[in-house]
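Dear colleague,

I am handing over the structure we spoke about, and I would be glad if you could look through it alongside the notes in this message.

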Amino acid sequence: MAKRRIESMEENRAKLIAAARKAFAEKGYAAASMDELTADVGLTRGALYHNFGDKRGLLAAVVHQIDSDMAARAQALGTRAGDGWQALLAEGAAYIEMALDPEVQRIVLLDGPAVLGDPSQWPSQGACLQATRRAVEHLMAQGTVKPVDPEAAARLLCGAALNAALWIAASDNPQDVLPKAIEAFQCLASGFLVKAE
């Protein structure tokens, strides 16, 4: 009985996140109606409040899901790029490029910071920071990266990628900004190399 109740709660949570993701992407956070959203998935506002507290909590869950998906996609692209250094650059460039995705732009890069505050404080960004720190430590141990504080390096690399993505999302011409942002990110990152490329 308890197992079925937990499964039902997880199903409701997943339904609400999926519906919110669609509504926030199409209408934006401010215009998305919680009554419409819950009715679309056959649930009540009570289910929303029970699972997320409020609309802001639901946005936080959606942002976490999308941002985590972005990090996983970037990591997969980085893995295909080759050695550790090329992987690090590829991950950063992939994250920046995802700012062209309308869903990412609207939910994660525009509405997310406006409603949830500083993205560097989000749990999903914390996970990204730790993964980057481990990559920097590995590259340092290999002698590829200068011996600097790994957390400082990770924070600067993650911050550069995030701010480049935010710049693209807020730009009137995202396609024009993208190559400039990636080039500057790679130039900045190369400063960590023992032998600059």
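The notes below cover the salt bridges and then one residue of helix 1.

Please keep in mind that this is a predicted model. The count of salt bridges comes to 8, and I describe some of them here.

In helix 1, Glu26 forms a salt bridge with Lys22, with the closest N and O atoms 3.5 Å apart. These two residues are 4 residues apart in that helix, about one turn, and both Glu26 and Lys22 are exposed.

In helix 7 (residues 123-142), Glu137 and Arg133 are likewise 4 residues apart, or about one helical turn, and their side chains meet in a salt bridge at 3.1 Å, N to O. Glu137 is partly exposed, with a relative accessible area of 33%, while Arg133, at 26%, is also partly exposed.

Helix 8 (residues 150-170) holds Glu151 and Arg155, 4 residues apart and so about one turn of the helix from each other, and the salt bridge between Glu151 and Arg155 has its closest N and O atoms 2.9 Å apart. Glu151 is partly exposed at 29% relative accessible area, and Arg155 is partly exposed at 44%. Through salt bridges that share partners, Arg133, Glu137, Glu151 and Arg155 are joined into one network.

Finally, Asn12, which is found in helix 1 (residues 2-27), counts as buried because its relative accessible area is 18%, and the cut-off for buried is under 20%. Setting aside neighbours within four places in sequence, Asn12 is in contact with Leu43 and Asn51.

With best wishes

Note on methods: Residues are numbered from 1 along each chain as its sequence is written. This is a predicted model: local features need pLDDT of at least 70, side-chain atom pairs count only at pLDDT 80 or more; totals for chains, interfaces and linings use all residues. Side-chain values use heavy atoms; hydrogens and water are left out. Buried means under 20% relative accessible area, exposed over 50%, partly exposed in between (1.4 Å probe, protein chains only). Contact means heavy atoms within 4.5 Å. A salt bridge is a side-chain nitrogen of Lys or Arg within 4 Å of a carboxyl oxygen of Asp or Glu.
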